[in-house]
Amino acid sequence: MINFEVGKGYSRKKIRKMLGIPKPDKIGGIWSTGYVQYKDNYFVFVTISEAGRTGHDYQNILKDNILYWYTKGTDHFYVPTIQKMVSGDYPVHFFIRYDSANPEFIYRGLGYMKDFEDGKPALISWEFESSFK
């Protein structure tokens, strides 16, 4: 699998190209949402402190090495996708940005669930294996 560099910026198109996905410049569908599974990895795209490009504002917060992250409004904690993400059986890559107008997200690293609150959306706290400022 691709090794992303923590602290480096990546657009969704660049990630798709690195993964060898056909037509990487064609973004749409599931790749335009907050999280996607590709092969045995999950890729989570998070906008912090403001609404994303689709207008959804889930009030995600990054504090120290913990991300307080909301699932899509239609998902609760027990949907199969979220259960696979939090199982620890699949790498979950996090890409974070603070400005929804910027197509690049900063790679934050692999995340591991610490805690959750069920609901629609569910709130999940993730801890990262690597820390940076």
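**Reading a predicted model: a dialogue**

Modeller: Setting aside neighbours within four places in sequence, Val-36 is in contact with Ile-30, Trp-31, Asn-41, Tyr-42, Phe-43 and Phe-45. Please bear in mind throughout that this is a predicted model.

Colleague: In which strand is Val-36 placed, and is Val-36 buried or exposed?

Modeller: Val-36 belongs to strand β2. Its relative accessible area is 4%, so Val-36 is buried. As for its position relative to Glu-127, the two residues are 91 residues apart in sequence, and their C-alpha atoms are 19 Å apart in space.

Colleague: Asn-41 is among the contacts of Val-36. With which side chain does Asn-41 make a polar contact?

Modeller: The side chains of Asn-41 and His-93 are joined by a polar contact of 2.9 Å. Asn-41 is located in strand β3. With a relative accessibility of 7%, Asn-41 counts as buried.

Colleague: How should one read the pattern of buried residues along a helix, and which residues of α1 are buried?

Modeller: The general idea comes first. An α-helix has 3.6 residues a turn, so residues three or four places apart point the same way. In this structure, helix α1 spans residues 12-19, and Arg-12, Ile-15, Arg-16 and Leu-19 are its buried residues. These residues cover an arc of only 100 degrees around the axis, which puts them on the same side of α1.

Colleague: What covers the buried residues of α1, and which residue follows α1?

Modeller: The cover includes β1 (9-11), β2 (35-38), β3 (41-47), β6 (92-97) and β7 (104-117). Gly-20 follows α1, and its phi is positive, near 80 degrees.

Colleague: How does one describe a pair of aromatic rings, and how many aromatic pairs does the whole structure have?

Modeller: A pair of aromatic rings is described by the distance of the centres and the angle of the planes. A search of the whole structure finds 18 aromatic pairs. One of them joins Phe-4 and Phe-95: the ring centres are 5.2 Å apart and the planes stand at 90 degrees, so this pair is edge-to-face. Phe-4 is in the segment before β1 and Phe-95 is in strand β6, so the pair ties together parts 91 residues apart in sequence. Phe-4 is buried, with a relative accessible area of 10%, and Phe-95 is also buried, at 0%.

Colleague: What is the geometry of the pair formed by Phe-77 and Phe-116?

Modeller: That pair is stacked, with 3.6 Å from centre to centre and 5 degrees between the planes. Phe-77 lies in the loop between β5 (66-70) and α2 (80-86), and Phe-116 in strand β7, so the pair links parts 39 residues apart in sequence. Phe-77 counts as buried at 4% relative accessibility, whereas Phe-116 is partly exposed at 28%.

Colleague: Which charged residue lies over the face of Phe-45, and which lies over the face of Tyr-35?

Modeller: Arg-12 lies over the face of Phe-45, at 4.5 Å from the ring centre. Over the face of Tyr-35 lies Lys-72, at 4.4 Å from the ring centre. Phe-45 also belongs to an aromatic cluster with Phe-4, Tyr-10, Phe-43, Phe-95, Phe-105 and Tyr-107.

Colleague: Which residues have the most contacts inside the largest nonpolar core?

Modeller: They are Trp-69, Ile-82, Met-85 and Trp-126, in a core of 19 residues. At least two residues of this core come from each of β3, β5, α2, β6 and β8 (123-128). Another core, of 14 residues, lies apart from it and has Val-36, Phe-43, Phe-45 and Phe-105 among its members.

Conventions
Residues are numbered from 1 along each chain as its sequence is written. This is a predicted model: local features need pLDDT of at least 70, side-chain atom pairs count only at pLDDT 80 or more; totals for chains, interfaces and linings use all residues. Side-chain values use heavy atoms; hydrogens and water are left out. Buried means under 20% relative accessible area, exposed over 50%, partly exposed in between (1.4 Å probe, protein chains only). Helices (H or I, at least four residues) and strands (E, at least two) are DSSP runs, numbered from the N terminus. The arc is that of the directions from the helix axis to the C-beta atoms. Contact means heavy atoms within 4.5 Å. A polar contact is a pair of N or O atoms within 3.5 Å; within protein, one must be able to donate a hydrogen and the other to accept it, and residues adjacent in sequence count only if both atoms are side-chain atoms. Rings of Phe, Tyr and Trp (its six-membered ring) pair if their centres lie within 6.5 Å; planes under 30 degrees apart count as stacked, over 60 as edge-to-face and the rest as tilted. A charge sits over a ring if NZ of Lys or CZ of Arg is within 6 Å of the ring centre and within 35 degrees of the ring normal. A nonpolar core is a set of buried Ala, Val, Leu, Ile, Met, Phe, Trp, Tyr and Cys residues joined through side-chain atoms within 4.5 Å.
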